[in-house]
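Got a bench question about where the ligand sits and what holds the chain together? Take a look at the model below.

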Amino acid sequence: MAQQEDVFKKIVSHCKEYGFVFPSSDIYDGLGAVYDYGQNGVELKNNIKQYWWQSMVLLHQNIVGIDAAIFMHPTTWKASGHVDAFNDPLIDNRDSKKRYRADVLIEDQIAKYDEKIQKEIDKAAKRFGEAFDEAQFRATNARVIEHQQKRDALHARFAKAMNDNDLDELRQIILDEEIVCPISGTRNWTEVRQFNLMFKTEVGSTAEGASTIYLRPETAQGIFVNYLNVQKTGRMKLPFGIAQIGKAFRNEIVARQFIFRMREFEQMEMQFFVKPGTELEWFQKWKQTRMAWHQALGFGAENYRFHDHDKLAHYANAATDIEFHMPFGFKEVEGIHSRTNFDLSQHAKYSGKKIEYFDPETNESYTPFVIETSIGVDRMFLSVMCHSFEEEQLPGGDVRTVLHLPAALAPVKLAVFPLTKKDGLPEKAQEIINDLRFHFNCKYEEKDQIGKRYRRMDAIGTPYCVTVDPQTLEDNTVTLRDRDTMEQRRVNIADLRGIIEDEVSITSLLKKLL
Ligand code: GAP
């Protein structure tokens with residue numbers, strides 16, 4: 001565990017050192033849970049967004065995109081339930097004066113039982129070697145059974161308290177489990193209170209005329225309020241989807257783990273409108289489609305899992321998360337929800353407009369049901385970074401830091417180096433870039449010796465490097481170096497585009513989805 005924490009710290013510093021992610025307003029020592037993307041980060045982020053957008057809008061004839069405003073009419077958030085219920089249960093420790101999410105304290109406690117069980121299993125696996133049968137060990141080992149029973153009982157009690165919105169019971173669980181504040185080490189806890197996560201601001205120039213509006217806490221509502229506009233102007237027939245990428249804001253109290261939980265973040269959401277009664281079938285389809293999208297990146301199926309929700313929001317009839325194996329455990333990257341007709345019905349009620357679909361096949365009007373897929377760009381970025389980062393031991397004792405980014409997501413696709421800064425080599429290298437820059441992102445570098453230049457490119461995940469040397473001027477060939485194998489081969493300049501373009505294009509990923 002400690003080793004994993006170390007790796008995570010290294011990833012965070014790597015992100016800063018190589019221009020991926022900076023703390024916001026860095027010169028003023030940063031702003032909590034807000035981050036800026038640097039010169040390489042923005043390219044990687046844009047590639048993730050393109051991969052998602054194209055998989056939705058290009059690959060589905062019945063999905064279109066929109067870009068709604070961040071500010072919305074305040075009634076939107078009354079109708080959606082966010083004004084009344086978008087809350088976190090908070091608890092303070094009186095000694096350290098630190099504030100925590102009560103549900104997170106309890107979830108961490110559940111994770112501690114899981115860790116204890118895993119420790120027993122790892123120990124036994126080591127002891128028994130090949131002959132170890134994990135299922136049998138779980139079913140028979142007294143210590144594991146005891147931990148498992150405690151864990152399950154706690155989980156059931158916690159799920160019930162959350163479902164019943166029972167704040168006193170949440171506090172009682174914290175006391176009964178003897179959970180202490182990590183700062184003060186004491187159990188001197190306040191009551192649990194609800195805290196709304198939406199940021200408020202005012203619109204209007206005069207004090208009397210001003211009214212309170214919110215920064216949107218999810219992009220989804222921008223889609224719901226545009227359902228009629230898009231359905232009518234696009235003559236959309238059910239089932240159809242509306243996709244959107246945009247910023248969302250939440251006043252997160254427990255902001256932890258770098259860009260995993262931020263106060264300003266970006267979402268990629270798609271609402272898929274279906275005929276009532278078909279929603280669970282579509283829910284299953286979208287679960288598979290979204291999992292395939294993740295797995296096409298080649299990070300290994302074992303690093304993903306579905307986590308079906310025990311606690312369903314009152315308007316949902318099915319919900320699952322896609323979790324990814326981060327250095328700090330399996331964590332939610334995407335949510336897939338069957339939201340019934342709740343949002344459209346609420347907006348119909350609050351706006352007084354009829355928000356329905358006329359079905360030409362059955363000659364009836366109804367409110368469509370909705371399947372939502374919702375993924376955080378920043379969490380996706382973090383999962384890509386965590387999986388790609390490696391400190392590789394090389395023969396001879398050297399270590400190189402390399403990002404094994406999927407080539408289609410890498411910020412720079414090809415780096416071109418003149419071996420030296422003279423004899424026409426820089427000009428030749430520039431010529432190659434001038435030709436290829438229309439097809440993919442190329443970078444020219446002439447500073448330092450070649451080995452150092454390769455390492456800098458490894459560190460930002462550039463899949464290919466080309467070196468121009470005196471032989472190039474004679475026969476128009478260059479050495480092409482592969483980031484992962486570090487192998488070099490001599491190729492003709494005229495063949496470079498053919499070798500590289502397919503490999504680094506988003507299309508190469510999209511083709512895996514069909
Ligand atoms: N419209 C549904 C919705 O917003 P959610 O589970 O609250 O559902 C969806 O959020 C996704 O947005 C999450 O799976 C996560 O990837 C991302 N997300 C949510 N809160 C976030 C935060 N504070 N920082 C970064 N990403 C966040």
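What follows is a set of questions and answers about this predicted model.

Q: Which residues come nearest to the ligand?
A: Start with the shell: 20 residues lie around the ligand. They divide into five nonpolar, five polar and ten charged. The ones that come nearest are Glu218, Met262, Glu269, Glu332 and Val333.

Q: What is the distance from an oxygen atom of the ligand to an N or O atom in the side chain of Glu332?
A: A polar contact here is a pair of N or O atoms within 3.5 Å. Gln267 has a polar side-chain atom 3.0 Å from an oxygen atom of the ligand. For Glu332, the distance from a side-chain N or O atom to a ligand oxygen is 2.5 Å.

Q: How much of the ligand's area does the protein bury?
A: Glu252 also reaches the ligand, with a side-chain N or O atom 2.9 Å from a ligand nitrogen. On its own, the ligand would expose 550 Å². Of that area, the protein buries 91%.

Q: Which element gives the largest share of the shell around the ligand?
A: Three elements give two or more residues to the shell: β10 (264-274), β13 (329-338) and β16 (369-376). The largest share is five residues, and these come from β13.

Q: Which residues are linked with Glu252 in a network of salt bridges?
A: Glu252 has a side-chain N or O atom 2.9 Å from a nitrogen of the ligand. Glu252 is also part of a salt-bridge network. Its partners in that network are Asp88, Arg101 and Asp103.

Q: How many residues apart in sequence are the parts that Arg171 and Glu191 tie together?
A: The two side chains meet in a salt bridge, 3.8 Å from N to O. Arg171 sits in helix α8 (residues 167-176) and Glu191 in the loop between α8 and β6 (193-196), so the bridge ties together two parts of the chain. Those parts are apart in sequence by 20 residues.

Q: Is Arg171 buried or exposed?
A: The cut-off for buried is under 20% relative accessible area. Its partner Glu191 has 43% relative accessibility, so Glu191 is partly exposed. Arg171 has a relative accessible area of 19%, so the verdict for Arg171 is buried.

Q: How many residues apart are Arg455 and Asp398?
A: Arg455 and Asp398 form a salt bridge, with their closest N and O atoms 3.7 Å apart. Arg455 is in helix α15 (residues 450-460), while Asp398 is in the loop between β17 (389-393) and β18 (399-403). The pair links distant parts of the chain, and the separation is 57 residues.

Q: In the salt bridge of Asp484 and Arg483, which residue is buried?
A: The side chains of this pair meet at 2.8 Å, N to O. Asp484 has a relative accessible area of 36%, which means it is partly exposed. With 4% relative accessibility, the buried one is Arg483.

Q: Which residues form a nonpolar patch on the surface with about 330 Å² of accessible area together?
A: One member lies in the segment after α18 (506-511), namely Leu514. Leu514 has 79% relative accessibility, so Leu514 counts as exposed. The patch, with about 330 Å² of accessible area together, is made up of Leu58, Leu59 and Leu514.

Q: What is omega for the cis peptide bond that joins Leu238 and Pro239?
A: Most peptide bonds are trans. The bond that joins Leu238 and Pro239 is cis. Pro239 lies in the loop between α10 (227-233) and β9 (240-249), and omega for this bond is about -5 degrees.

Q: What is phi of Asp29, a residue other than glycine?
A: Most residues other than glycine have a negative phi. Asp29 is in the loop between β1 (21-23) and β2 (35-37) and, at 73% relative accessibility, counts as exposed. Its phi is positive, near 70 degrees.

Q: Where does Met486 lie?
A: Met486 also has a positive phi, about 65 degrees, although it is not a glycine. With a relative accessible area of 26%, Met486 is partly exposed. Its place is the loop between β22 (477-482) and β23 (488-492).

Note on methods:
Residues numbered from 1 in each chain as written. Predicted model: local features only at pLDDT ≥ 70, side-chain atom pairs only at ≥ 80, totals over all residues. Heavy atoms only, no water. Patch = residues over 30% accessible without salt bridge, like charges linked within 9 Å, V, L, I, M, F, W, Y side chains within 5 Å. Areas by Shrake-Rupley, 256 points an atom, 1.4 Å probe, with all protein chains shown as cover. Salt bridge = Lys/Arg side-chain N within 4 Å of Asp/Glu carboxyl O. Helix = DSSP H or I, 4+ residues; strand = E, 2+ residues; numbered from the N terminus. Buried < 20%, exposed > 50% of the residue type's maximum accessible area, 1.4 Å probe, protein only. Near = heavy atom within 4 Å. Polar contact = N/O pair within 3.5 Å; in protein donor to acceptor, adjacent residues only side chain to side chain. Nonpolar A, V, L, I, M, F, W, Y, C, P; charged D, E, K, R; others polar.
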